[in-house]
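Reader: I am new to this structure and would like a close look at one part of it, the enclosed space inside. Please take me through what surrounds that space, and then outward to the neighbouring strands and the open pockets.

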Amino acid sequence: IWKINEGNPSALVLNFYLFGSKNHVEDSLLKSSLQKCNVDLLAFTIDSIGNFQKSLKEFSIYAKEEGYVKHEYRSYLVSYFRPVVEFKEVIHESLALKVARLLSHNLSRKFYVNKSVPIKYRHALRNYIRYEISDLVKYDGLVVEMQNKVVILGYIGPGDEDKYFTPIGDIDVTTGTGPDTYGSVILANEIRTILDMEKFK
């Protein structure tokens with residue numbers, strides 16, 4: 001997080017939840033990085049029985065804002081999302097919408113509460129610049145690549161954790177084979193969907 005922040009990205013987005021503590025040393029390092037860095041957004045979600053799944057307050061207080069992430073399925077595929085939802089009589093904006101607001105300060109597109117929007121998928125994982133944590137440690141010059149970019153910090157493999165079936169995959173879900181698209185890639189496409197809606201309104 002500290003290394004990425006040195007590159008001065010236009011938005012630093014943490015697409016994961018910090019549910020539990022590890023140990024004093026690691027937690028202290030994480031808190032120190034979050035406190036010193038310009039972490040714009042941190043994800044949270046609402047589970048299947050209607051409970052918030054959010055990062056511990058000791059970590060989330062260092063993020064400027066939190067935005068919710070919730071995937072919607074149509075015909076077994078993640079193909080819709082809700083930019084704005086009402087939950088327990090409180091209005092929440094999605095992580096994608098909050099990122100779009102950072103990038104387009106005059107965002108005027110209005111979204112109805114609880115209204116689903118189709119994700120206009122444009123890119124798969126291979127179409128994005130991506131780095132492993134070890135790359136940032138080994139090559140100091142990489143931080144320059146972060147300047148004025150949206151940097152999404154999230155899981156992209158090698159396993160199927162946070163991976164879903166989407167319309168951009170070429171896998172038949174009925175065959176029992178694995179999902180095709182990571183959550184951070186879905187988030188990136190949701191952000192682009194909102195920005196395109198604003199651009200072509």
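Author: In this predicted model, the lining of the largest cavity is made up of Y68, V69, K70, F81, R82, S94 and E190. Sorted by class, these lining residues comprise 3 nonpolar, 1 polar and 3 charged. The space they enclose amounts to about 40 Å³, and the structure holds 1 cavity of 30 Å³ or more. As background to such a description, rolling a probe the size of a water molecule over the atoms shows where empty space is left.

Several of the lining residues can be followed into the elements around them, and F81 is a useful place to begin. Strand β6 covers residues 77-81, and F81 stands opposite V117 in β9. The strands β6 and β9 run antiparallel and are joined by 2 bridges. They belong to an open sheet of 3 strands, arranged in the order β5-β6-β9 with antiparallel pairing. At the edges of this sheet lie β5 (72-74) and β9 (117-118), each of which pairs on one side only. Helix α6 packs on the sheet, where α6 touches both β6 and β9, and the direction of α6 makes about 40° with that of β6. In general, strands of a sheet pair through backbone hydrogen bonds, either parallel or antiparallel.

Y68, another residue of the cavity lining, leads to a contact between aromatic rings. A search of the whole structure finds 2 aromatic pairs. In the pair formed by F44 and Y68, the ring centres are 6.4 Å apart and the planes stand at 50°, so the pair is tilted. Because F44 lies in strand β2 and Y68 in strand β4 (residues 65-68), this pair ties together parts that are 24 residues apart in sequence.

A further pair of strands can be described separately from the sheet above. Strand β7 (residues 84-87) and strand β8 (residues 90-93) run antiparallel and are joined by 4 bridges. Within this pairing, F87 stands opposite V90 in β8. The two strands β7 and β8 form a hairpin with 2 residues between them, and K88 in the turn has a positive phi of about 55°.

Turning from the cavity to the open spaces, the largest pocket has a volume of about 1400 Å³. Its lining consists of 46 residues, among which I152, L153, G154, I156 and S184 are the closest to the centre of the pocket. At least two lining residues are supplied by each of β2 (41-46), α5 (133-138), β10 (150-153) and α6 (183-199). Of the elements concerned, α6 gives the most to the lining of the largest pocket, with 7 residues; this is the helix that packs on the sheet and touches β6 and β9. By class, the lining of the largest pocket divides into 26 nonpolar, 10 polar and 10 charged residues.

The second largest pocket holds about 240 Å³ of space. Its lining is formed by I1, F16, L18, G20, K22, E26, D27, L30, F59 and L153, and these residues divide into 6 nonpolar, 1 polar and 3 charged. Helix α2 (residues 24-36) provides the largest share of that lining, 3 residues. L153 appears in this lining, and L153 is also listed among the residues closest to the centre of the largest pocket.

How values were computed: Residues are numbered from 1 along each chain as its sequence is written. This is a predicted model: local features need pLDDT of at least 70, side-chain atom pairs count only at pLDDT 80 or more; totals for chains, interfaces and linings use all residues. Side-chain values use heavy atoms; hydrogens and water are left out. On a 1 Å grid over the protein atoms alone, a cavity is a set of points where a 1.4 Å probe fits but cannot get out, and a pocket is an open set with protein on both sides within 12 Å along at least five of seven lines; lining residues have an atom within 4 Å of a point. Grid points are joined across faces, edges and corners, and a volume is the space filled by probe spheres set on the points. Ala, Val, Leu, Ile, Met, Phe, Trp, Tyr, Cys and Pro count as nonpolar, Asp, Glu, Lys and Arg as charged, and the others, Gly among them, as polar. Two strands pair if DSSP finds at least two bridges between them. Contact means heavy atoms within 4.5 Å. Axes are lines fitted to C-alpha atoms, for helices over the stretch in contact, and angles run from 0 to 180 degrees between N-to-C directions. Rings of Phe, Tyr and Trp (its six-membered ring) pair if their centres lie within 6.5 Å; planes under 30 degrees apart count as stacked, over 60 as edge-to-face and the rest as tilted.
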